[in-house]
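Got the viewer open? Let's take a short walk through this one, selecting a few pieces at a time.

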Amino acid sequence: MRKLVAVLLFACSAFAQERVTLIRNATILTITNGTIENGSVLIRGTKIAAVGRDLAAPAGAQVIDASGKFVLPGIIDTHSHTAIEGSVNEISLPNSGNVRIADVLTATDINVYRQLAGGTTAALVLHGSANSIGGQSQIVKWKWGHPISEWPIPDAPRTIKFALGENPKSANFRPPEGQPRQYPATRMGVEEVIRKSFVDARDYLAAWDEYDAKKKRGEDAIPPRRDLLMEEMADILRGKVDIHSHCYRADEILMLLNLSDELGFKVRELQHVLEGYKVAPEIAAHGVTGGTFIDWWGYKAEAYDAIPYNVALMTRNNVIVSVNSDSDELARHLNQDAAKSMKYGGLSEDEALRLCTINPAKQLRLDHRMGSIEVGKDADLAIWTAHPLSSYARVDTTFVDGEIVFDRQRDLQQREAMKREKQQRLKAEDDAAKKEKSK
Amino acid sequence: MRKVFFAALLLAGSAAFGQSVIPNDPGVKPLVAIRNATIVPVTSAPIPNGTIVFGNGVITAVGANVAVPANATVIDGTGLFVYPGMIDASSSVGLTEIDSVPGTVDTTELGDFNANASAAVAINPHSELIPVTRVNGVTNIVTVPEGGIISGQSALIQLAGWTPQEMVIKSPAAMNIRFPRLRSGDFGDVPQDEEAEKNRRKTYAAEIDKLRDVFRDAQAYARAASARASNKDVHRFDRDLILEALVPVVEGREPVVMHANLARDIRAALAFADEFNLKVILSGAQDVAEVIPDLKQRNIPVLLGPTLALPQREDDPYDLLFTNAKTLLDNGILFAIKTDEAHNTRNLPYHAAACAAFGLPKDEALKAITIYPARIFGVADRLGSLEVGKIANVIITDGDPLELRTNVKRVFINGEDISMQSRHTLLYDKFRNRPRTQ
């Protein structure tokens, strides 16, 4: 009974606290339903409650006049290493698919706040690319100010990071002196690591099937030994885990696609995929998506054929493409990378905007709740001072789950207070040191 | 792969190769008139429906009512815009090809004191980065050696030419000093214990002492050289190439680009420069807002950027690097915006635009990548604006070049009609035409 009361109280307080916000007079870039001039977005609690031209402000609603401004859904970054405590690479094994990003997330990485100030509200947080199979990734919202337990999106799919090419073949990772280089050293070896992992997983599944069948028949059976890595690999084969694979060159992209046909797994998103334009029809035929940089190139041999037209060429071949960051810095202006696709290959405004909103949402299988401004979707969005495809645009206010997590005016006020506090603390420390000295 | 690519190009029947493998018409400086365009000279108001004429590599007329010479090639600029080529005040284009392949990288010499290292001698005129950079309207860069404490001499170059000599506008453009730092600014850089802290301070002090020694030697060397130049009775002495390279620096004839970001490091660098009467250009300068009086008092210009970068400290304002330009403008300090990039030096206009999004007037953002760097490096008589007598580095666009969606339609460097092809457009054309076999 006491429990029930507590639940009721909690429900009431949650209801009482439900925020209602009306953004008015803005140009709404809905992404999925065109652009609404002089439009409004009504946010109730964590969700978008209404979108339209003339929405009345409900009693008690906070009203934001966004005249001359633009509303864009929160930008989704499908390649982030932000908010990871410590190293991003397990490194020690070619397949470290049993380690989890969820275990090392931190809620205090300032880059999260900086990205919110650039309109980015959600991310796929991945391992590095030192291992052919790196580990289990985590899809999160940038719920700045909330405990890390609230950051993972509850119905987001499980994901795992694969990596092909130069990085896993350890060309870029010199081992400490006296230690041998780690297998694999070639793209042949990378294929072999992935192949063997899935072959082993098939055997693992077969062993369990055998055991289950025996049990069912009422026979005596010894269960196979549980193997956490094989459990994960088996779940990929069962379709329960999405693969996001780092890749550069066309040949290694095809290698993975062919391997997926042969061994019966699916690739969800090719990450970086800088030579995707060379094999775009093959990528499209496999129903695989691509997340890429618009114009990074030449930083290593496998990026020498990277071209800024990659996004447009893959898009024209019906690949769902996103622009993502792999960088705390780039994640602050993915809208700008999206904009460059108009210049490099002639994507339309709508196509460009999708690259950082609904397309990444689809890649993460979260387009039922994110990536566009639609009634019923999560209230993740930002108010921009100009069209977000303009280099002169900046963010005024960012919402995640209906809550303001960044506000420029608030930031400007806070930074003065923080500056004062810092000075006071430094002075106190200084005074204490002097006092200590004089003793 | 590269070989195959090259062969494909040859098969395509490209007759002449300019930079890289890109066909061009180098050395030919036609007489060109661009008419009916909005001309943005940068140093004066935009001219709607204007005309610009250039021939033999030099601008000969700009204005609303300009006669078009009968023998000029006429380009109709209706609906288009004409700007001077953009100038990146710090880049490593020409010195690097693939960052992770050491054999293709010539940015960083060994050792701490490389005053004699000169970027101009190591520029690869046929680098793939050059066409990629210039087709977005960046026609000039200062290419800068990296590493050590004295990194070497930068060179201000044109992004077109058969040889490094043809490309160089000014070399040395400046001596580059990465002033010693107590901290790199990263969170991880804080020494873990008192002992480590002590050691770091010792190394820091030793680095500055060593730099001071080098400069004192250079002063002495300069005096000796000048004494011997005017009096043959002065004892002959062996040449020292490092000190020799520093002579114009200690004599105040060649500027020093002081690379420093944190306020403490900037102040230390300026104090050092005072000691030797150096002509300073400050570079990086993330904390520039904290040292305004120091800069004003010495009349020091600043190379800001990259602006699309992260502030160094956790508690820095998120927009620190975007707002510095406005702060300098408000305080009357001359500044340029730079990328410190190589492969994406082409993104120079967007580094400037980021400042415009945070308060810098748009025309000032444009100046920060055209006339201001030209002034800072003493080449404003030749570059940085569309004015009669200047080198014809001219770009034609379909809009504001600082906007992401704007297309650069034509580029002229030295008045030469530059091919709009690059490694990127060639690969694009090759693969967009890939036959569908499926």
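Which residues in α3(A) meet which in α5(A)? Keep in mind that this is a predicted model, then select residues 187-216 of chain A for helix α3 and residues 250-263 of chain A for helix α5. On the α3(A) side, pick R187(A), E191(A), I194(A), R195(A) and F198(A); across from them in α5(A) you'll find E252(A), M255(A), L259(A) and L263(A). Colour that contact by residue class and you get five nonpolar, no polar and four charged.

Now look at the two helix axes. They come within 11 Å and cross at roughly 20°. An angle under 35 degrees counts as roughly parallel, so that is how α3(A) runs relative to α5(A). Rotate the view a bit to check the handedness: α3(A) passes α5(A) in a right-handed crossing.

Next stop, chain B. Hide chain A and bring up the strands. In chain B there's an open sheet of eight strands, and its order reads β6-β7-β8-β9-β10-β11-β12-β13, with mixed pairing. For the edges, select 86-91 (β6) and 335-337 (β13) of chain B; each of these strands pairs on one side only. Look along the sheet and you can follow the twist, which averages 25° from one strand to the next.

Start at the β6(B) edge. Its neighbour is strand β7, residues 138-143 of chain B, and the two pair in the parallel sense over four bridges. To see one bridge in particular, click S91(B) and then its partner in β7(B), T143(B).

While you're on this sheet, add helix α6, residues 263-275 of chain B. This helix packs on the sheet and touches β10 (256-260) and β11 (280-284) of chain B. Compare directions: α6(B) makes about 155° with β10(B).

Last, select strand β9, residues 168-178 of chain B. Is β9(B) mostly covered or mostly uncovered? Mostly covered: nine of its eleven residues are buried.

Then check the neighbours of β9(B), one at a time:

- Strand β8 (residues 150-158) of chain B pairs with β9(B) in the antiparallel sense, over six bridges. Zoom in on L156(B), which stands opposite K170(B) in β9(B).
- β10(B) pairs with β9(B) in the parallel sense, over four bridges. Here, click R178(B) and look for its bridge partner in β10(B), H259(B).

Key:
Residues numbered from 1 in each chain as written. Chains lettered and ligands numbered in written order. Predicted model: local features only at pLDDT ≥ 70, side-chain atom pairs only at ≥ 80, totals over all residues. Pairing = 2+ DSSP bridges. Axes fitted to C-alpha atoms, helices over the stretch in contact; angles between N-to-C directions. Contact = placed C-beta atoms within 7 Å. Parallel < 35°, antiparallel > 145°, perpendicular 65-115°, else oblique. Left-handed = near helix turned anticlockwise from the far one by under 90°. Nonpolar A, V, L, I, M, F, W, Y, C, P; charged D, E, K, R; others polar. Buried ≥ 20, exposed ≤ 12 C-beta atoms within 10 Å, placed from the backbone.
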